[in-house]
Amino acid sequence: MRRAALRLCALSKGLCLPARGLTQGSQDPTKQGIFHIHEACSPIHVNHVRDKLREIVGASTNWRDHVRAMEERKLLHSFLAKSQDGLPPRRMKDSYIEVLLPLGSEPELREKYLTVQNTVRFGRILEDLDSLGVLVCYMHTKNDSAKMSPLSIVTALVDKIDMCKKSLSPEHDIKFSGHVSWVGKTSMEVKMQMFQLHGDKFCPVLEATFVMVARDSENKGPAFVNPLVPESPEEEELFRQGELNKGRRIALSSTSLLKMAPSAEERTTIHEMFLSTLNPKTISFHGRVLPPNAVWMENTKLKSLEICHPQERNIFNRIFGGFLMRKAYELGWATACSFGGSRPFVVAVDDIMFQKPVDVGSLLFLSSQVCFTQNNYIQVRVHSEVASLQNKEHMTTNVFHFTFMSEEDVPLVFPKTYGESMLYLDGQRHFNSMSIPLTLRQDSVVDP
């Protein structure tokens, strides 16, 4: 579970990048320039990204035509590769794309991204990153022999999002860039960056790693994708890191608390917390009292319900993953705000698994809860469930993990049940994977 920690980057050191190009690697200014791509076309307007995706897959812009459009995609099965060996290899620069978000020059667009504190809504940025990640993968798998792509590419995982220490101004243009950095047989890792214009330079403010998977034309089974051929030692290092990321995810999955018991140290932590809540006057395991400056975990919950309308559908007529991320993030932010008593700042986003697609017309139940705190940090878990109007059975679709920082120290949270104890330990694991706790500066504001 990699950490998407809010950390000092090139921007806070006064280092900016040219308006064109991509840089990957160390944020140390003495080591900048590890990986550059300078062969991008003119940036795509952010409003045209979804249009391009609809064009690539042949999706209809009218909901009433969606059934016919999906029927037409069945005819694309013949263009699917029987094996990866039958697909031409691609280079990293083949999938490189730049997208422009002109907040500075388009006031109407700015309204969509504006918060009441005159900053940029981070939930909207999550939506844009999700769309860009899909488009990048379609560039990598482009098939010139077919008018429409036979692949259905969907987001499987948001591995990490790293924010730099700089506020996002709603009055300056933003540029996104992205490319495929690693490829398996049916999956692709996408590296993305976000820059904001300062003077005549675009300065880095965000880096993200998404994992996308390719499905067949009906989105019913896996499909092979083009292999990736690194062209330099720097690209080979990026590819090697993608392999390591895959191994790390497998290892962490095997040690999940849903599969294995907590470690001895974790068991001791839970037992000590339990003992600290016992009433010394009763000498009983049943009398529970909160220590000073503490809150029961069960009292930190917030819930919301969304009706999934066609307006929020993706190109495959399921609910757009970016919309789910935005709604979960905003509920998580509200939970941290209510718990901490002041406006929180996002520090980390990581390990968002997309376990099940959400159909149009479904009822989306979001439940947010503070599961771990330390000093002024708040770890929030958002659980997403879906139910159809006909079927009342709830099924988990996503689990989101967000770390926020409050302006002041916050109370401790204490679990009452064994299930809550597991949530506490899972939140602690996410928080501890952040290498160095950070002190938030005033110019590091990122709001919902």
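The legends below describe an overall view and four close-up views of a predicted model.

**Figure 1. Overall view of the predicted protein model.** The chain folds into 8 helices and 15 strands. Of the 448 residues in the protein, 54% are buried. Among contacts with a separation of 6 or more, 77% are between residues 24 or more positions apart. The accessible surface comes to about 20100 Å², and carbon and sulfur atoms account for 53% of that surface.

**Figure 2. Packing of helix α4 against helix α7.** Helix α4 covers residues 122-140 and helix α7 covers residues 321-340. Their axes lie 8 Å apart and form an angle of about 160°. Because angles over 145 degrees count as roughly antiparallel, α4 is roughly antiparallel to α7. The crossing of α4 past α7 is right-handed. On the α4 side, the contact involves Phe122, Gly123, Arg124, Leu126, Glu127 and Asp130. These residues meet Gly321, Gly322, Phe323, Met325, Arg326 and Tyr329 of α7. By class, the contact of α4 with α7 contains 5 nonpolar, 3 polar and 4 charged residues.

**Figure 3. Packing of helix α6 against helix α8.** Helix α6 runs over residues 264-276, and helix α8 over residues 418-432. The two helices pack at an angle of about 125°, and the distance between their axes is 11 Å. This angle makes α6 oblique to α8. The crossing of α6 past α8 is right-handed. Helix α6 contributes Glu266, Thr269, Ile270 and Met273 to the contact, while α8 contributes Ser421, Tyr424, Leu425 and Arg429. The residues of the contact of α6 with α8 comprise 4 nonpolar, 2 polar and 2 charged.

**Figure 4. Backbone at Asn293 in the loop between α6 and β9.** Strand β9, at one end of this loop, spans residues 294-296. Asn293 has a phi near 55°, which is positive although the residue is not glycine. Most residues other than glycine have a negative phi. The relative accessibility of Asn293 is 55%. The cut-off for exposed is over 50%, so Asn293 counts as exposed.

**Figure 5. Backbone at Asn375 in the loop between β12 and β13.** The loop that holds Asn375 joins strand β12, residues 363-374, to strand β13, residues 377-387. Phi of Asn375 is near 55°, again a positive value in a residue other than glycine. Asn375 has a relative accessible area of 49%. Since exposed requires over 50% and buried requires under 20%, Asn375 is classed as partly exposed.

Note on methods: Residues are numbered from 1 along each chain as its sequence is written. This is a predicted model: local features need pLDDT of at least 70, side-chain atom pairs count only at pLDDT 80 or more; totals for chains, interfaces and linings use all residues. Side-chain values use heavy atoms; hydrogens and water are left out. Helices (H or I, at least four residues) and strands (E, at least two) are DSSP runs, numbered from the N terminus. Buried means under 20% relative accessible area, exposed over 50%, partly exposed in between (1.4 Å probe, protein chains only). Contact means heavy atoms within 4.5 Å. Accessible areas come from the Shrake-Rupley method with a 1.4 Å probe; for residues, only the protein chains shown count as cover. Axes are lines fitted to C-alpha atoms, for helices over the stretch in contact, and angles run from 0 to 180 degrees between N-to-C directions. Angles under 35 degrees count as roughly parallel, over 145 as roughly antiparallel, 65 to 115 as roughly perpendicular and the rest as oblique. A crossing is left-handed if the near helix is turned anticlockwise from the far one by less than a right angle, and right-handed if clockwise. Ala, Val, Leu, Ile, Met, Phe, Trp, Tyr, Cys and Pro count as nonpolar, Asp, Glu, Lys and Arg as charged, and the others, Gly among them, as polar.
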